[in-house]
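Biologist: Could you take a close look at one pair of packed helices for me, and tell me how they are arranged and how far the model can be trusted there? I would love one connected answer.

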Amino acid sequence: MELKEAIAVLENDVGQLKFVSKKDSAFMKVIAVIVWVFNRNFMTRYFTVIGTLYPPVGYDRTDDRVLWTLLHEVTHKWDEIKMGKLKYNISYLFPQIMGLSFLLCFLGFLWWPLFFFAVLVLLVAPIPSKPRSTIEARGYAMNILNEAVAIHGLDTVLMMTEESLTPLLLHYADKYYTSIFAAKEYYFMGVGMKNHVTRVMLEHALGILGIGPGADYPAMKLLRSMSSEDWEGLCKAKTFGTLVRKSSSS
Ligand SMILES: [Zn+2]
């Protein structure tokens, strides 16, 4: 897929994302109950994107974090475009999705050996997942950039060299590994993969800035196009499409 086509897809799928606060969403309240066992701050601390962007209670669209969450989401969308929907979704849900094949055990009433499929239900357990960790590490590259930008400002970060930026980004990559990848809130997806997760986050964050591989990545264009803009104004933009259009026309 050409970059131009990909940007059109992003504009359509991500650009049309609606914002609904979690406190106004019955759907989010249902999910909060389901995930309560391993995540008790789902409503108050986490942004969620399922068709719509749901900021946590207490945040509104003018918060900078909304914008960065969208950039995180663009990363996922970009990966989905490159990998294809099927491969992306299976990778994201692996290995837990394999656990669904335990349902075949019900056919054991027709042919008893199929009862053995029941054991596959164990795959639904919080088993660390390298494919999911890799996808999220690319997404969280945005968040570690966000941290660096919050301290130094976007213009400064865009001008920093690989040598000066690396230790700063590594510091945040470390923090995110502990609080996200090795945490129960994320189903322990990256336990035992600290080096891999950190490397992917760092490489991708540098790639987004155009240092190293990943220079065809549209988020880099987005960031560069935003540097001289009024962030507050952008955050208030009606949909993310405004941002994506800006980058594709620049
Ligand atoms: Zn993500």
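Modeller: Happily! α8 and α9 are oblique to each other, a class for angles that are not under 35 degrees (roughly parallel), over 145 (roughly antiparallel) or 65 to 115 (roughly perpendicular). Helix α8 covers residues 162-181 and helix α9 residues 194-208, and the two pack at an angle of about 135° with their axes 9 Å apart. The axes are lines fitted to C-alpha atoms over the stretch in contact, and the angle, on a scale from 0 to 180 degrees, is taken between N-to-C directions. The crossing of α8 and α9 is right-handed, that is, the near helix is turned clockwise from the far one by less than a right angle.

On the α8 side, the contact is made by E162, L165, T166, L169, L170, A173, D174, Y176, Y177 and F181. From α9 come K194, V197, T198, M201, L202, A205 and L206. Contact here requires C-beta atoms, placed from the backbone, within 7 Å. By type, the contact residues are 12 nonpolar, two polar and three charged; Ala, Val, Leu, Ile, Met, Phe, Trp, Tyr, Cys and Pro count as nonpolar, Asp, Glu, Lys and Arg as charged, and the others, Gly among them, as polar.

Now for trust. This is a predicted model, in which local features need pLDDT of at least 70 and side-chain atom pairs count only at 80 or more, while totals for chains, interfaces and linings use all residues. Residues are numbered from 1 along each chain as its sequence is written. pLDDT is the predictor's confidence in each residue, from 0 to 100. Among the elements of the protein, α8 has the highest mean pLDDT, 94, and helix α11 (residues 231-235) the lowest, 44. Over residues 226-250 pLDDT stays under 50. For the protein, the mean is 78, with 75% of residues at 70 or more.

As for the setting, the protein has 12 helices and two strands, which are DSSP runs (H or I, at least four residues, for helices; E, at least two, for strands) numbered from the N terminus. Of its 250 residues, 28% are buried, meaning 20 or more other C-beta atoms within 10 Å of the residue's own; 12 or fewer is exposed, and in between is partly exposed. W36, in the loop between α2 (26-35) and α3 (42-45), is exposed, with 11 such neighbours. The C-alpha atoms of W36 and E185 are separated by 9.4 Å, although their positions lie 149 residues apart along the chain.

Note on methods:
Two residues are in contact if their C-beta atoms, placed from the backbone, lie within 7 Å.
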